[in-house]
Amino acid sequence: MFWSETNISGSISRKVRLQLDYQYRTQGISDDLESQRVSNQVSDTRTGLFTHAYQQVFRPWIAYQASKYFRVSLSPVGWWGTWRPTADNKTTFEPELRTTTQVLFSYPLGRVIFEQRFRYEFRFFGNRLLTDGSQGKDYYSNLWDNTTRKGRLRYMTRIFVPLNQPQMKEKTLYLAASDEIMIGMGSNVIHEKIFDQNRLYVGLGYKFTPQFRLEAGYVNQFQPQKRLADGSKNSDINNVLQVFIVIDDINKILKNL
(Lines give C-alpha, C1' and ligand atoms only; values in the text may rest on other atoms or scores of the structure.)
Protein backbone atom coordinates (compact mmCIF):
# COMPACT_ATOMS: atom_id res chain seq x y z
CA MET A 1 0.00 0.00 0.00
CA PHE A 2 0.96 3.65 -0.49
CA TRP A 3 -0.47 6.38 1.74
CA SER A 4 0.12 10.09 1.24
CA GLU A 5 -1.11 12.87 3.50
CA THR A 6 -0.88 16.63 3.02
CA ASN A 7 -1.57 18.94 5.99
CA ILE A 8 -2.00 22.68 5.38
CA SER A 9 -2.61 24.92 8.39
CA GLY A 10 -2.83 28.61 9.15
CA SER A 11 -3.71 30.84 12.07
CA ILE A 12 -6.75 33.11 12.29
CA SER A 13 -5.82 34.44 15.75
CA ARG A 14 -3.11 33.92 18.35
CA LYS A 15 -4.70 30.71 19.64
CA VAL A 16 -7.04 29.55 16.86
CA ARG A 17 -5.85 27.68 13.79
CA LEU A 18 -7.49 26.14 10.73
CA GLN A 19 -6.18 23.03 8.99
CA LEU A 20 -7.06 21.01 5.91
CA ASP A 21 -5.94 17.39 5.50
CA TYR A 22 -5.91 15.66 2.13
CA GLN A 23 -5.07 11.96 1.91
CA TYR A 24 -4.62 9.77 -1.14
CA ARG A 25 -4.01 6.03 -0.80
CA THR A 26 -3.36 3.25 -3.29
CA GLN A 27 -3.11 -0.53 -3.00
CA GLY A 28 -1.94 -3.64 -4.80
CA ILE A 29 -3.79 -6.97 -4.78
CA SER A 30 -3.55 -9.25 -1.75
CA ASP A 31 -2.45 -12.87 -2.17
CA ASP A 32 -5.89 -14.12 -1.07
CA LEU A 33 -7.73 -11.95 -3.58
CA GLU A 34 -5.35 -12.86 -6.38
CA SER A 35 -5.93 -16.57 -5.63
CA GLN A 36 -9.69 -16.01 -5.91
CA ARG A 37 -9.24 -14.18 -9.20
CA VAL A 38 -7.11 -16.98 -10.62
CA SER A 39 -9.76 -19.54 -9.69
CA ASN A 40 -12.35 -17.30 -11.38
CA GLN A 41 -10.09 -16.97 -14.45
CA VAL A 42 -10.01 -13.18 -14.12
CA SER A 43 -6.48 -12.78 -12.79
CA ASP A 44 -5.17 -9.21 -12.67
CA THR A 45 -1.39 -9.07 -13.03
CA ARG A 46 -1.25 -5.39 -11.98
CA THR A 47 -0.13 -5.98 -8.39
CA GLY A 48 2.15 -2.98 -7.83
CA LEU A 49 2.06 -0.57 -4.92
CA PHE A 50 0.23 2.14 -6.90
CA THR A 51 -2.00 -0.15 -9.01
CA HIS A 52 -5.45 0.53 -7.57
CA ALA A 53 -6.97 3.60 -5.91
CA TYR A 54 -7.89 2.82 -2.31
CA GLN A 55 -8.92 6.00 -0.50
CA GLN A 56 -9.30 9.74 -0.78
CA VAL A 57 -9.91 11.95 2.24
CA PHE A 58 -10.81 15.62 2.71
CA ARG A 59 -10.91 16.69 6.36
CA PRO A 60 -11.01 20.27 7.74
CA TRP A 61 -10.07 21.14 11.32
CA ILE A 62 -10.43 24.05 13.70
CA ALA A 63 -8.02 23.99 16.64
CA TYR A 64 -7.63 25.95 19.86
CA GLN A 65 -4.14 26.12 21.38
CA ALA A 66 -5.04 26.29 25.07
CA SER A 67 -1.38 26.35 26.17
CA LYS A 68 2.08 25.71 24.77
CA TYR A 69 1.65 21.99 25.31
CA PHE A 70 -2.10 21.42 24.92
CA ARG A 71 -4.41 21.71 21.90
CA VAL A 72 -8.06 20.74 21.31
CA SER A 73 -9.43 20.30 17.78
CA LEU A 74 -12.68 19.61 15.98
CA SER A 75 -13.27 18.32 12.47
CA PRO A 76 -16.99 19.05 11.89
CA VAL A 77 -17.32 16.91 8.74
CA GLY A 78 -14.68 14.94 6.86
CA TRP A 79 -15.27 12.93 3.68
CA TRP A 80 -13.80 9.48 3.00
CA GLY A 81 -14.12 7.62 -0.29
CA THR A 82 -12.97 3.99 -0.32
CA TRP A 83 -12.48 1.75 -3.37
CA ARG A 84 -12.04 -2.02 -3.01
CA PRO A 85 -11.14 -4.53 -5.77
CA THR A 86 -13.27 -7.69 -5.95
CA ALA A 87 -12.58 -11.32 -6.82
CA ASP A 88 -14.22 -10.92 -10.26
CA ASN A 89 -11.96 -8.01 -11.23
CA LYS A 90 -14.46 -5.26 -10.44
CA THR A 91 -14.36 -2.41 -7.95
CA THR A 92 -16.70 -1.24 -5.20
CA PHE A 93 -16.97 2.28 -3.80
CA GLU A 94 -18.15 3.26 -0.32
CA PRO A 95 -18.45 6.82 1.04
CA GLU A 96 -18.12 7.79 4.68
CA LEU A 97 -18.57 11.00 6.67
CA ARG A 98 -16.77 11.55 9.97
CA THR A 99 -17.04 14.07 12.77
CA THR A 100 -13.86 13.98 14.85
CA THR A 101 -12.82 15.44 18.20
CA GLN A 102 -9.16 15.50 19.20
CA VAL A 103 -6.92 16.35 22.15
CA LEU A 104 -3.16 16.69 21.68
CA PHE A 105 -0.47 16.90 24.38
CA SER A 106 2.98 17.89 23.09
CA TYR A 107 6.06 18.48 25.23
CA PRO A 108 9.87 18.22 24.96
CA LEU A 109 11.97 15.66 26.83
CA GLY A 110 15.50 16.91 26.25
CA ARG A 111 15.90 17.15 22.47
CA VAL A 112 13.01 14.72 21.88
CA ILE A 113 9.48 16.00 21.23
CA PHE A 114 6.92 13.65 22.75
CA GLU A 115 3.23 13.70 21.74
CA GLN A 116 0.10 11.96 22.92
CA ARG A 117 -3.03 12.23 20.78
CA PHE A 118 -6.58 11.17 21.65
CA ARG A 119 -9.31 11.08 18.99
CA TYR A 120 -12.93 10.06 18.92
CA GLU A 121 -14.64 9.57 15.55
CA PHE A 122 -18.36 9.54 14.80
CA ARG A 123 -18.54 7.52 11.57
CA PHE A 124 -21.46 7.50 9.08
CA PHE A 125 -21.23 4.96 6.25
CA GLY A 126 -22.95 5.01 2.88
CA ASN A 127 -23.68 2.05 0.60
CA ARG A 128 -20.86 -0.08 -0.78
CA LEU A 129 -21.75 -0.57 -4.47
CA LEU A 130 -20.01 -1.68 -7.64
CA THR A 131 -18.65 1.25 -9.62
CA ASP A 132 -19.90 -0.16 -12.94
CA GLY A 133 -23.44 0.95 -12.05
CA SER A 134 -24.90 -2.57 -12.05
CA GLN A 135 -26.11 -2.04 -8.44
CA GLY A 136 -27.18 1.54 -9.01
CA LYS A 137 -25.40 4.67 -7.81
CA ASP A 138 -27.32 5.45 -4.64
CA TYR A 139 -24.19 5.60 -2.49
CA TYR A 140 -25.51 7.99 0.16
CA SER A 141 -29.10 6.84 0.90
CA ASN A 142 -28.35 5.07 4.19
CA LEU A 143 -25.73 7.53 5.44
CA TRP A 144 -27.75 8.44 8.55
CA ASP A 145 -29.12 4.93 9.17
CA ASN A 146 -28.72 3.76 12.77
CA THR A 147 -27.64 0.32 11.55
CA THR A 148 -24.47 1.60 9.85
CA ARG A 149 -23.07 4.32 12.11
CA LYS A 150 -20.11 3.48 14.34
CA GLY A 151 -17.74 5.15 16.77
CA ARG A 152 -14.00 4.74 17.13
CA LEU A 153 -11.56 5.76 19.86
CA ARG A 154 -7.94 6.30 18.82
CA TYR A 155 -4.83 6.79 20.97
CA MET A 156 -1.44 7.59 19.46
CA THR A 157 1.99 8.08 21.02
CA ARG A 158 4.53 9.81 18.79
CA ILE A 159 8.11 11.10 19.05
CA PHE A 160 10.26 13.41 16.91
CA VAL A 161 14.04 13.24 17.36
CA PRO A 162 16.23 15.92 15.67
CA LEU A 163 19.37 14.27 14.29
CA ASN A 164 21.57 17.12 13.07
CA GLN A 165 20.25 19.97 15.24
CA PRO A 166 19.54 20.29 18.96
CA GLN A 167 15.96 21.41 18.15
CA MET A 168 13.34 21.06 15.40
CA LYS A 169 14.14 24.12 13.31
CA GLU A 170 15.02 25.03 9.74
CA LYS A 171 17.26 22.48 7.92
CA THR A 172 16.69 19.75 10.49
CA LEU A 173 16.85 16.06 9.65
CA TYR A 174 14.74 14.12 12.14
CA LEU A 175 13.49 10.69 13.09
CA ALA A 176 9.75 10.14 13.65
CA ALA A 177 8.10 7.12 15.25
CA SER A 178 4.57 6.42 16.46
CA ASP A 179 2.15 3.74 17.50
CA GLU A 180 -1.64 4.12 17.31
CA ILE A 181 -4.33 1.86 18.74
CA MET A 182 -7.95 2.08 17.51
CA ILE A 183 -10.95 0.72 19.40
CA GLY A 184 -14.33 0.28 17.68
CA MET A 185 -17.34 1.42 19.70
CA GLY A 186 -21.10 1.21 19.35
CA SER A 187 -23.77 -1.46 18.89
CA ASN A 188 -22.90 -1.94 15.19
CA VAL A 189 -19.29 -2.99 15.90
CA ILE A 190 -18.87 -6.77 15.75
CA HIS A 191 -16.90 -8.52 18.50
CA GLU A 192 -13.83 -9.16 16.30
CA LYS A 193 -13.61 -5.45 15.44
CA ILE A 194 -13.71 -3.97 18.94
CA PHE A 195 -9.94 -3.95 18.65
CA ASP A 196 -10.11 -2.24 15.27
CA GLN A 197 -6.45 -1.96 14.32
CA ASN A 198 -2.92 -0.98 15.28
CA ARG A 199 -0.55 1.20 13.23
CA LEU A 200 3.19 1.19 13.95
CA TYR A 201 5.22 3.82 12.07
CA VAL A 202 8.93 4.68 11.69
CA GLY A 203 10.14 7.39 9.31
CA LEU A 204 12.65 10.10 8.44
CA GLY A 205 11.81 13.72 7.78
CA TYR A 206 13.44 16.99 6.82
CA LYS A 207 12.29 20.44 7.93
CA PHE A 208 13.24 22.63 4.98
CA THR A 209 11.90 25.89 6.41
CA PRO A 210 10.01 26.90 9.57
CA GLN A 211 6.78 26.39 7.58
CA PHE A 212 7.52 23.31 5.47
CA ARG A 213 8.63 19.74 6.16
CA LEU A 214 8.58 16.45 4.28
CA GLU A 215 8.49 13.01 5.88
CA ALA A 216 8.44 9.41 4.64
CA GLY A 217 8.47 6.06 6.37
CA TYR A 218 7.06 2.59 6.90
CA VAL A 219 3.71 1.67 8.48
CA ASN A 220 2.82 -1.80 9.74
CA GLN A 221 -0.98 -1.98 9.93
CA PHE A 222 -2.58 -4.87 11.82
CA GLN A 223 -6.37 -5.34 11.41
CA PRO A 224 -8.39 -8.18 12.96
CA GLN A 225 -11.17 -9.43 10.68
CA LYS A 226 -14.24 -11.67 10.97
CA ARG A 227 -13.48 -15.25 11.92
CA LEU A 228 -13.24 -17.75 9.07
CA ALA A 229 -15.96 -20.33 8.41
CA ASP A 230 -14.11 -22.92 10.52
CA GLY A 231 -14.01 -20.52 13.49
CA SER A 232 -10.30 -19.70 13.28
CA LYS A 233 -9.05 -16.15 13.74
CA ASN A 234 -8.45 -13.96 10.71
CA SER A 235 -6.47 -10.73 10.31
CA ASP A 236 -4.84 -8.47 7.72
CA ILE A 237 -1.26 -7.23 7.99
CA ASN A 238 -0.50 -4.42 5.56
CA ASN A 239 2.94 -3.02 4.73
CA VAL A 240 2.61 0.64 3.84
CA LEU A 241 4.87 3.33 2.36
CA GLN A 242 3.72 6.56 4.04
CA VAL A 243 4.56 10.10 2.87
CA PHE A 244 3.67 13.32 4.73
CA ILE A 245 3.77 16.85 3.34
CA VAL A 246 3.28 19.43 6.10
CA ILE A 247 2.79 23.18 5.65
CA ASP A 248 2.69 24.52 9.20
CA ASP A 249 1.83 28.19 8.63
CA ILE A 250 0.51 29.06 5.19
CA ASN A 251 -0.11 32.67 6.31
CA LYS A 252 3.62 33.44 6.25
CA ILE A 253 4.11 31.71 2.91
CA LEU A 254 1.33 33.74 1.28
CA LYS A 255 2.75 36.98 2.70
CA ASN A 256 6.08 36.28 1.02
CA LEU A 257 4.61 35.64 -2.45
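**Entry 1: a surface patch**

I began on the outside, where Ile12, Leu18, Ile62 and Leu74 make a nonpolar surface patch of about 330 Å². A reminder to myself: this is a predicted model.

From that patch I picked isoleucine 12, and I found it in the loop between strand E1 (2–11) and strand E2 (16–27). Is isoleucine 12 buried or exposed? Its relative accessibility is 54%, and the cut-off for exposed is over 50%, so isoleucine 12 counts as exposed.

**Entry 2: the whole chain**

Next I stepped back to look at the overall layout. I noted 2 helices and 12 strands in the protein chain. Reading from the N terminus, I wrote the order down as β-β-α-β-β-β-β-β-β-β-β-β-β-α.

How much of the chain is buried? I looked it up for the 257 residues, and 41% count as buried. For the accessible surface I got about 14100 Å², with 58% of that belonging to carbon and sulfur atoms.

I also checked the contacts with a separation of 6 or more, and 57% of them come from residues 24 or more positions apart.

**Entry 3: the nonpolar core**

Then I went inside. Which residues make up the largest nonpolar core? I listed 11 residues in all: Met1, Trp3, Tyr54, Phe160, Tyr174, Ala176, Tyr201, Val219, Val240, Phe244 and Val246. Strand E9 (172–185) and strand E12 (234–247) are the elements that give two or more residues to this core. E12 gives the most, with 3 residues.

**Entry 4: tyrosine 155**

My last stop was tyrosine 155, which I located in strand E8 (residues 150–162). Why does tyrosine 155 count as partly exposed? Its relative accessibility is 29%, and partly exposed covers the range between the 20% and 50% cut-offs, so the label fits.

What does tyrosine 155 touch, once I leave out residues up to four places away in sequence? I found Gln116, Arg117 and Phe118, along with Asp179, Glu180 and Ile181. I followed up on aspartate 179: it is 24 residues from tyrosine 155 in sequence, and the two are 8.4 Å apart in space, C-alpha to C-alpha.

Within strand E8's neighbourhood of tyrosine 155 I looked at side chains too, and a polar contact of 2.9 Å joins those of tyrosine 155 and threonine 157.

How values were computed:
Residues numbered from 1 in each chain as written. Predicted model: local features only at pLDDT ≥ 70, side-chain atom pairs only at ≥ 80, totals over all residues. Heavy atoms only, no water. Helix = DSSP H or I, 4+ residues; strand = E, 2+ residues; numbered from the N terminus. Buried < 20%, exposed > 50% of the residue type's maximum accessible area, 1.4 Å probe, protein only. Contact = heavy atoms within 4.5 Å. Polar contact = N/O pair within 3.5 Å; in protein donor to acceptor, adjacent residues only side chain to side chain. Core = buried A, V, L, I, M, F, W, Y, C linked by side-chain atoms within 4.5 Å. Areas by Shrake-Rupley, 256 points an atom, 1.4 Å probe, with all protein chains shown as cover. Patch = residues over 30% accessible without salt bridge, like charges linked within 9 Å, V, L, I, M, F, W, Y side chains within 5 Å. Salt bridge = Lys/Arg side-chain N within 4 Å of Asp/Glu carboxyl O.
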